[in-house]
Amino acid sequence: MKSTLLLIFTTLLSLVNAQTIPPHPRLLVTDADWKSLPAKMEQNPTIKKIVTTTIARADLTLNKPPLTRTLTGRRLLSVSRDAVQYITDLSAAYKITNDKKYLTRATAELLNICSFPDWHPIHHLDTAEMQTAVAIGYDWLYHDLSPTDRKTISSTLLKNGLQSTLEHNYVFTRKNNWNQVCIGGITLSAIALSELYPDDSKKALDLAIKFIPIGLIDGYPADGAYAEGGGYWQYGTEYSIITHEAFRTAKLPDPSITAHPGFLKSADYLCQVYGTSGLLFNYGDNKESNISAMPAAAWMARETKNSYLLNLITPPFQKIDPKKASRFHILAAFWLPEKIDPAPNKLPNHFVGTGKSPIAIHRTGFDPADLFLGIKAGMAKVNHGHMDAGSFVIDWEGQRWASDLGPQSYHSLEKTGMDLFSMKQDSQRWTSYRLNNHSHNTLTYNDQLHNVSGEAKIISSTADPIHKTILDLTEALNLPKGATATRTFKITGRHRPSITITDEIKNLKPNDQITWNMLTQADVKKISNDFFTLTQNRRQITLYLSSSQDISTSHTPAIPPLALDEPTPNHTKINLIAKPDKTGSIQITATFLNPSQ
């Protein structure tokens with residue numbers, strides 16, 4: 001499969017050379033698209049809301065000061081992302097209203113950004129997003145910019161954008177979202193500048209086509225489970241879509257992004273990783289959040305005709321706060337499907353995601369009252385990975401009962417001197433409470449950190465006759481030689497379902513210890529040693545947690561141990577500590593019941 005994909009992409013290189021680039025605007029939105037937008041607004045209230053939200057945010061931007069080249073720690077990224085937002089909003093507002101106040105402010109911001117000595121190429125995501133902003137503004141406003149301003153903007157886009165990325169071409173070989181974002185940025189620059197700098201543009205597009213498969217092969221397994229999780233799905237996928245759309249609107253050969261197995265399938269993955277509470281199953285460096293108004297999701301709904309996804313994202317688009325909209329918000333007005341069969345897609349209640357961060361999901365349905373169980377396998381030593389092998393989240397009655405804290409902001413850790421992105425076993429990264437196993441709903445051996453290279457494997461995951469997933473946690477827990485650990489998840493009962501998690505650890509030494517953890521935002525009461533009630537928002541579930549080898553169970557505030565750790569208010573940690581019996585074995589059973597069902 002990999003060799004076939006590479007052959008397809010290599011063949012495209014010669015085809016690009018023979019193409020005639022159409023006139024501006026040719027990036028993502030054509031002149032015909034702008035002209036057809038008013039009619040779409042009248043036909044579709046969601047599209048009208050997207051446009052009015054964009055103009056409202058552009059109005060807010062009119063009174064904001066010019067951006068400055070100010071780093072936050074080691075990044076200019078927040079400034080680059082603001083640039084994308086400012087310029088796309090202002091340019092779109094001008095194209096829609098023809099009010100020159102938007103053109104004046106957009107032009108001023110483009111020239112301001114072009115006065116920066118560089119766009120911080122050492123952290124090249126910063127450059128990629130900045131050149132995205134400038135390329136879009138240059139293209140969309142091309143006919144309304146003065147010749148002098150066009151020259152200033154185009155020459156700076158060449159130097160600080162396209163040529164800078166060519167000089168930092170290692171970014172193309174990154175097997176993560178860097179590949180997708182940096183290819184997106186240089187593709188937009190190359191197409192925007194193609195008639196002025198044909199040689200540089202051709203070189204950039206050739207490299208983009210050559211290296212597109214790197215990000216796709218590692219990012220999207222055949223089942224669509226994006227390697228960096230549901231939150232990062234938006235970032236990487238958005239830029240791959242932008243690359244695809246830029247080739248399409250420039251009438252260049254299709255770069256075959258949509259032909260990659262798993263890319264379009266990731267639309268189903270996105271539907272699956274949002275629980276019945278509405279919150280994301282946020283493993284790794286992903287935040288616990290509700291689904292947002294994502295232009296990439298709108299595009300996916302259109303391309304896959306996934307009515308469930310469209311129904312999922314339509315309310316966020318209709319209710320969006322201008323201040324919280326995606327920086328590419330206006331693109332959703334052109335990507336949102338005009339019509340999909342109103343009958344919702346029937347998605348399965350069981351999903352297994354493979355790739356670099358394997359997961360399993362079981363649910364009784366997709367309604368808020370239904371039960372949702374998200375299970376994390378894999379290893380810590382992956383991009384944006386945590387020591388969360390064996391961890392889980394639980395939704396029921398519209399509430400999240402077993403939680404994942406999510407990441408801490410990068411800057412807050414890096415400013416302490418932490419080498420945050422070293423993935424070695426003894427890396428400082430793993431001293432952070434939110435990143436190590438002590439804050440995840442998993443097992444810990446002798447209070448040790450998990451093995452960063454130890455993979456928790458999905459032995460089996462089925463939904464028939466019962467929902468059941470078995471994990472092998474042996475490698476991840478750093479157990480002594482000869483010891484083994486399995487964790488089995490079951491959902492039983494159709495009308496009154498329950499969840500049972502059974503841990504079996506064998507061949508331990510006499511003084512070994514296993515700690516069982518679970519974090520929750522519910523109000524926890526310990527009724528007896530093995531019986532807890534969890535209550536939130538007038539809903540309640542019960543937890544029976546026991547082991548014949550346990551020495552204690554407890555519930556305490558989840559307080560991080562180090563000053564550098566971000567506080568975790570409103571979270572309680574439930575745990576059980578057990579020591580092996582005479583055979584060296586420990587068995588722990590946790591059963592979750594919903595008394596109201």
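**Group meeting: helices, cores, sheets and salt bridges**

Okay, let's start with helix H12, residues 295–304: seven of its ten residues are buried, so the helix is largely enclosed by the rest of the structure. Before I go on, keep in mind that this is a predicted model. The buried residues in H12 are Pro295, Ala296, Ala297, Ala298, Trp299, Met300 and Ala301. And what covers them? The cover includes helix H10 (230–249), helix H11 (266–272), helix H13 (307–318) and helix H14 (332–335). Right after H12 comes lysine 305, and its phi is positive, near 55 degrees. If you like checking backbone angles, have a look at that one.

Now, the nonpolar cores. The largest one has 133 residues, and the members touching the most other members are Leu27, Leu28, Trp140, Trp233, Tyr269 and Leu309. Which helix gives the most to this core? That's H4, with ten residues. Let me zoom in on leucine 27. Leaving out residues up to four places away in sequence, leucine 27 touches Ala135, Ile136, Asp139, Trp140, Leu188, Ile191, Ala192, Ala246 and Thr249. There's also a second, separate core of 44 residues, and among its members are Ala456, Ala476, Phe532 and Ile541.

Hold on to Ile541, because we meet isoleucine 541 again in the sheets, where it sits in S14 with leucine 534 standing opposite. The two strands around that spot are S13 (residues 531–536) and S14 (residues 539–546), which run antiparallel and are joined by six bridges. Zooming out, the sheet is an open one of eight strands, in the order S7-S8-S9-S10-S17-S14-S13-S12, with antiparallel pairing. At the edges you find strand S7 (457–462) and strand S12 (523–528); each has a single partner strand, so one side of each is left without a neighbour in the sheet. From one strand to the next, the twist averages 15 degrees.

The other sheet I want to show is also open: four strands, ordered S6-S11-S16-S15, with antiparallel pairing. Here S6 and S15 are the edge strands, each pairing on one side only. The twist in this sheet averages 20 degrees from one strand to the next. Inside it, strand S11 (residues 514–520) runs antiparallel to S16, and seven bridges join the two. If you want a pair to click on, take tryptophan 516, whose bridge partner in S16 is leucine 576.

Last topic: charges. How many salt bridges does a search of the whole structure find? The count is 25. I'll walk through a few.

Take arginine 57 and aspartate 89, where the closest N and O atoms are 2.5 Å apart. This pair links distant parts of the chain: arginine 57 belongs to helix H3 (residues 45–62) and aspartate 89 to helix H4 (residues 77–97), with their positions 32 residues apart. Are these two buried or exposed? Arginine 57 has 2% relative accessibility, so it counts as buried. Aspartate 89 comes out at 0%, so that one counts as buried too. And yes, H4 is the helix that gives ten residues to the largest core.

Next, a bridge within one helix. Arginine 105 forms a salt bridge with glutamate 109, and the closest N and O atoms are 2.8 Å apart. Both lie in helix H5 (residues 100–114), four residues apart, which is about one turn of the helix. Why does that spacing suit a pair of side chains pointing the same way? An α-helix has 3.6 residues a turn, so residues three or four places apart point the same way. As for burial, arginine 105 is at 10% relative accessibility and counts as buried, and glutamate 109 is buried as well, at 0%.

The third bridge is between loops. The side chains of glutamate 566 and arginine 434 meet with an N to O distance of 3.6 Å. Glutamate 566 is in the loop between strand S15 (550–557) and strand S16 (572–578), while arginine 434 is in the loop between helix H15 (410–414) and strand S6 (443–445), so this pair too links distant parts of the chain, 132 residues apart. Glutamate 566 is partly exposed, at 30% relative accessibility, whereas arginine 434 is buried, with a relative accessible area of 8%.

One more thing before I stop: there's a network. Glu245, Arg248, Arg302 and Glu303 are joined into one by salt bridges that share partners. That's it from me, over to you.

Notes. Residues are numbered from 1 along each chain as its sequence is written. This is a predicted model: local features need pLDDT of at least 70, side-chain atom pairs count only at pLDDT 80 or more; totals for chains, interfaces and linings use all residues. Side-chain values use heavy atoms; hydrogens and water are left out. A salt bridge is a side-chain nitrogen of Lys or Arg within 4 Å of a carboxyl oxygen of Asp or Glu. Buried means under 20% relative accessible area, exposed over 50%, partly exposed in between (1.4 Å probe, protein chains only). Two strands pair if DSSP finds at least two bridges between them. Axes are lines fitted to C-alpha atoms, for helices over the stretch in contact, and angles run from 0 to 180 degrees between N-to-C directions. Contact means heavy atoms within 4.5 Å. A nonpolar core is a set of buried Ala, Val, Leu, Ile, Met, Phe, Trp, Tyr and Cys residues joined through side-chain atoms within 4.5 Å.
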